[in-house]
Amino acid sequence: MRTYQLIAPAKINLYLEIIGDRPDGYHELVMILQSIILSDRIEIRSNGTQAINLHCNHPLVPLDQTNIAYHAAQLMVDQFPERFANYGGVDITIDKQIPVAAGLAGGSTDGAAVLLGLNLLWELGLTIPQLQQLGEKLGSDVPFCVRGGTAIATGRGEKLDPIQDLDNLWVVLAKYNNLAVSTPWAYQTYKQQFGHTYINDIAGIQSRTSQLHSGSFVQAISDKDGKKIGELLQNDLEKVVLPEYPQVAQLKEVLKQAGGLGTMMSGSGPTVFTLCQSQTEAETIKKTARQKIEDPSLEFWVTQLSSSGISIISEQ
Ligand code: ATP
């Protein structure tokens, strides 16, 4: 039975601006997405049956159709029924290392890994853009996770323009393991409070998008200017999440005071991250923050920015 093992990296948002409303109920976004080394490991193994079986070592990850990895496999079965009939079902095993419901696209990256894994296992020969197009059906972050690296994401996050990769920086992530923020709640609340500022015409949306392309953030990334990148971090969702979750606001403040290039919440949170020049700096910031907040439910990860998306680590 053939088996593929893949690495599925998490992402952080270096920039997240909500610029408008969409008829499909999503929001029009302008983001800069960045892969990090912190990853799940996914094994995809032919099982010689006609079943898709899912296994995961994390108690909070669902094992039914609501799991994005399962949904990805079902999508591939629906799209390529003859391959499924010829090659048979799969066992998908997720070794979950990315914190769950953390604003780090943990589920999306697992879904992207299953698309890539089945593309290999079933010898489909689909290209990255074709896999990204399938990924759009699974979730807004999935197309980015397929390729990874550093990219400007627009639309609801699925339209991607890769930019200069940024892999020279380190990052400290911090999250309370008993805290989750609902992504729909965060966007709905933002709309209630700030909807009046939305741009609702195509020309305005395009102009805002091109401003980001030619603006100082993308320039700082091209220059690999960590200090400038740290200063320019932005996440509009902080405006609704931080007032509602004072623990997250306090965590952000403590991390900021501890040093580094810049501190921001990722996605709809509740993970907060600090960019750093070096591993030593990241470890020092983690230690300082841990001393300031003595709460056993607060977890830290020290990792690096990454230029890779899903990668294959073994094939048998
Ligand atoms: P995003 O940044 O894409 O909004 P997230 O990092 O905030 O995602 P996930 O870790 O993807 O959040 O989990 C969100 C919810 O999705 C979880 O509470 C869980 O119930 C469900 N879920 C479905 N599939 C997975 C998966 N493979 N891994 C983790 N959670 C999953």
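K11 touches L33, Q34, S35, I36, L104, A105, D141, F144 and C145, leaving out residues up to four places away in sequence. The model in which these contacts are found is a predicted one. K11 is part of strand β1, which covers residues 3–21. This lysine counts as buried because it has 30 C-beta neighbours inside 10 Å, where 20 or more are needed.

**The annotated active site**

UniProt, in an unreviewed entry, places the feature "active site" at K11 and D141. The two positions are spread over 131 residues of sequence, yet they cluster in space, with a largest C-alpha distance of 9.1 Å. D141 sits in the loop between α4 (128–136) and α5 (142–147). Apart from neighbours within four places in sequence, D141 is in contact with K11, A105, S108 and G157. D141 counts as buried because 27 C-beta neighbours lie inside 10 Å.

**The annotated binding site**

The unreviewed UniProt entry also lists a "binding site" made up of P99, V100, A101, A102, G103, L104, A105, G106, G107, S108 and T109. Two of the listed residues, A102 and S108, can be followed further. A102 is found in the loop between β4 (90–95) and α3, whereas S108 is found in helix α3. Leaving aside neighbours within four places in sequence, A102 is in contact with K175, P270 and T271. On the same basis, S108 is in contact with I68, G139, D141, V142 and C145. D141, one of these contacts of S108, is also an annotated active-site position. Likewise, L104 and A105 are among the contacts of K11 and are listed by UniProt in the binding site.

The table gives the burial of the residues discussed so far.

| Residue | C-beta neighbours within 10 Å | Class |
|---|---|---|
| K11 | 30 | buried |
| D141 | 27 | buried |
| S108 | 26 | buried |
| A102 | 24 | buried |

**The ligand**

How many residues surround the ligand? The shell has 20 residues, and the closest are A101, A105, G106, G107 and D110. Of these, A101, A105, G106 and G107 also appear in the UniProt binding-site list. Helices α1 (68–79) and α3 (106–121) each supply at least two residues of the shell. The largest share, four residues, comes from α3. By class, the shell divides into ten nonpolar, eight polar and two charged residues.

**Two domains**

The protein chain is divided into domain 1, which takes in 3–163 + 307–315, and domain 2, which takes in 170–304. The centres of the two domains, taken over C-alpha atoms, are 23 Å apart. In the contact between them, 26 residues of domain 1 meet 35 residues of domain 2. On the domain 1 side, β1, β2 (27–46) and β5 (150–155) each supply at least two residues. Strand β1 gives the largest share of that side, ten residues. The side of domain 1 that touches domain 2 has 17 nonpolar, six polar and three charged residues.

UniProt, again in an unreviewed entry, lists residues 219–291 as "domain: GHMP kinase C-terminal". Over residues 219–291 the chain is 60% helix and 15% strand. The end C-alpha atoms of this stretch are 36 Å apart.

**Two strand pairs**

Strand β9 (residues 262–265) pairs with strand β10 (residues 272–276) in the antiparallel sense over four bridges. Within this pair, M264 has F273 of β10 as its bridge partner. β9 and β10 form a hairpin with six residues between them, and G267 in the turn has a positive phi of about 55°. Is β9 covered on both faces or open on one? Both faces are covered: G262 and M264 on one side, and T263 and M265 on the other, are all buried.

Strand β1, which holds K11, pairs with β12 in the antiparallel sense over four bridges. The bridge partner of L6 in β12 is I312. Strand β12 (residues 311–315) lies largely in the open because the number buried among its five residues is zero. By contrast, K11 in β1 is buried.

Note on methods. Residues numbered from 1 in each chain as written. Predicted model: local features only at pLDDT ≥ 70, side-chain atom pairs only at ≥ 80, totals over all residues. Near = placed C-beta within 6 Å. Nonpolar A, V, L, I, M, F, W, Y, C, P; charged D, E, K, R; others polar. UniProt positions renumbered as here; feature names shortened; annotations may be inferred. Buried ≥ 20, exposed ≤ 12 C-beta atoms within 10 Å, placed from the backbone. Contact = placed C-beta atoms within 7 Å. Domains from an automatic or database assignment. Pairing = 2+ DSSP bridges.
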